Amino acid sequence: MRKYETALLLYNGNADEEDMRTKLTQIVANLSLAIKQLHLLQTDSIEDVRQACVRYADQVEVLLVLGGDGTVHTCINAISPLKKRPIIGILPGGTCNDFSRVLRMPQRLGEAASAIVDGEVVEIDVGKADDRYFLNFWGIGLIAETSQNIDPNQKKNFGVLSYFMSTLKSLSQAESFSYQITTDEQNFVGEAVMIVALNGRFLGTQEVPISSLQPDDGKLDVLIVKNSNLAFFRDLLAMNDPSKKLKELNEMMYVQTTYLQVTTENKKEIDMDGEIIATTPSEVEIIPKHLQMIRAK
């Protein structure tokens with residue numbers, strides 16, 4: 001018995017034709033097992049993606065996105081303001097595919113399609129910053145500088161490795177900035193090299209080892225990083241012991257909140273899900289269980 005009546009699969013029409021044909025062959029047969037009517041739509045630009053999401057949101061039960069974090073971010077921003085929002089499934093087609101990892105999606109497309117077929121529909125929180133939405137993170141400082149420092153040629157040739165190369169470059173150039181943060185319970189003032197509000201668990205394919213990070217708990221997990229030394233990031237990523245207290249990491253403050261207002265002495269560029277969108281000041285909130293998404297079992 002089929003699980004879904006109608007679905008639309010969006011994919012990049014500008015991708016290499018032979019490569020895309022291979023990818024579609026991998027996934028369409030599997031998806032058809034669970035979907036009675038499966039429609040495919042080529043998109044030629046990010047604006048095409050946005051328009052397609054808005055146009056078909058109330059016409060299909062499921063919207064399937066074959067693309068990377070940037071494409072997913074565009075879809076989320078198109079759909080989140082709508083009254084009627086389809087179930088969303090992500091087929092990882094980018095470099096990092098961070099939120100697809102949160103949804104436990106295999107990174108091989110054929111396996112990801114099978115995971116869509118066998119997966120479960122869950123309610124997922126969505127972050128909102130001013131008039132924009134995000135699934136994975138909102139951030140300023142080092143995280144935005146890392147996105148800016150990525151060389152497009154390196155990204156094309158080295159994939160995920162380009163993010164680590166950019167991170168190392170950004171670490172060596174990072175400068176601290178003055179900030180003020182107001183949450184629903186506390187105020188913070190100080191100097192930092194990075195502030196990030198997380199809804200997802202992955203940054204550049206690396207899982208942030210904080211057990212409280214959940215995309216359906218109605219909270220944002222805010223990290224305020226004071227120092228950009230490599231030792232701190234090594235200690236954070238190696239923190240696999242759930243009993244280890246976050247406060248033991250002297251170079252970071254951690255807080256959970258549903259709302260934060262961030263101001264900085266000088267304007268800082270804001271990175272949302274890997275896209276540089278705006279500048280501070282900014283008001284950030286979480287919208288609990290705003291979207292239905294397919295998660296692999």
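The accessible surface of this protein comes to about 14,200 Å², and 46% of that belongs to carbon and sulfur atoms. Please keep in mind, everyone, that we are looking at a predicted model. The protein has 297 residues, and 49% of them count as buried. Its secondary structure comes to 9 helices and 18 strands. Here is one more number for the whole chain: take the contacts with a separation of 6 or more, and 75% of them are between residues 24 or more positions apart.

Let's go to a sheet next. How many strands does this open sheet have, and in what order? There are 6 strands, with antiparallel pairing, and the order is β14-β13-β10-β7-β16-β17. At the edges sit β14, residues 252–257, and β17, residues 275–279, each of which pairs on one side only. On average, neighbouring strands here are turned by 20 degrees against each other, direction ignored.

Now let me walk you along a few of those pairings. Start with β13, residues 220–225, and its partner β14: they are antiparallel and share 6 bridges. If you want a spot to click on, find Ile224, whose bridge partner in β14 is Met253. β13 also runs antiparallel to strand β10, residues 194–198, and 5 bridges join the two. Over there, Ala197 stands opposite Val222 of β13. Further along the sheet, strand β7, residues 137–141, pairs with strand β16, residues 269–272, in the antiparallel sense over 3 bridges. In that pair, Gly139 faces Asp271 of β16.

Why do we say that β13 is largely enclosed by the rest of the structure? Because 6 of its 6 residues are buried. Both faces are covered, too: Leu220, Val222 and Ile224 are buried on one side, and Asp221, Leu223 and Val225 are buried on the other.

A helix gives us a similar exercise. Helix α3 covers residues 69–79, and 9 of its 11 residues are buried, so this helix is also largely enclosed by the rest of the structure. Among the buried ones are Val72, His73, Cys75 and Ile79.

Hold on to Cys75 for a moment, please. How many disulfides does the model have? The count comes to 0. Cys53 is in no disulfide, and the nearest cysteine sulfur, that of Cys75, is 3.1 Å away. Why is there no bond for Cys75? The cut-off for a disulfide is sulfur atoms within 2.5 Å, and the sulfur of Cys75 is 3.1 Å from that of Cys53, so it is too far for a bond. As for their surroundings, Cys53 counts as buried at 1% relative accessibility, and Cys75 is buried with a relative accessible area of 1%.

I'll end with two single residues. Ser100 is found in helix α4, residues 98–102. Is Ser100 buried or exposed? Its relative accessible area is 1%, so Ser100 is buried. Leaving aside residues up to four places away in sequence, Ser100 touches Ile90, Pro92, Met105 and Gln107.

The other residue is His290, and its place is in strand β18, residues 282–295. Buried means under 20% relative accessible area, and His290 has 15%, so His290 is buried. Which residues does His290 touch, again not counting those up to four places away in sequence? They are Ser80, Arg85, Ile124, Asp125 and Val126. Thanks for listening, and do have a look at these places in the model yourselves!

Notes. Residues numbered from 1 in each chain as written. Predicted model: local features only at pLDDT ≥ 70, side-chain atom pairs only at ≥ 80, totals over all residues. Heavy atoms only, no water. Helix = DSSP H or I, 4+ residues; strand = E, 2+ residues; numbered from the N terminus. Buried < 20%, exposed > 50% of the residue type's maximum accessible area, 1.4 Å probe, protein only. Contact = heavy atoms within 4.5 Å. Areas by Shrake-Rupley, 256 points an atom, 1.4 Å probe, with all protein chains shown as cover. Pairing = 2+ DSSP bridges. Axes fitted to C-alpha atoms, helices over the stretch in contact; angles between N-to-C directions.
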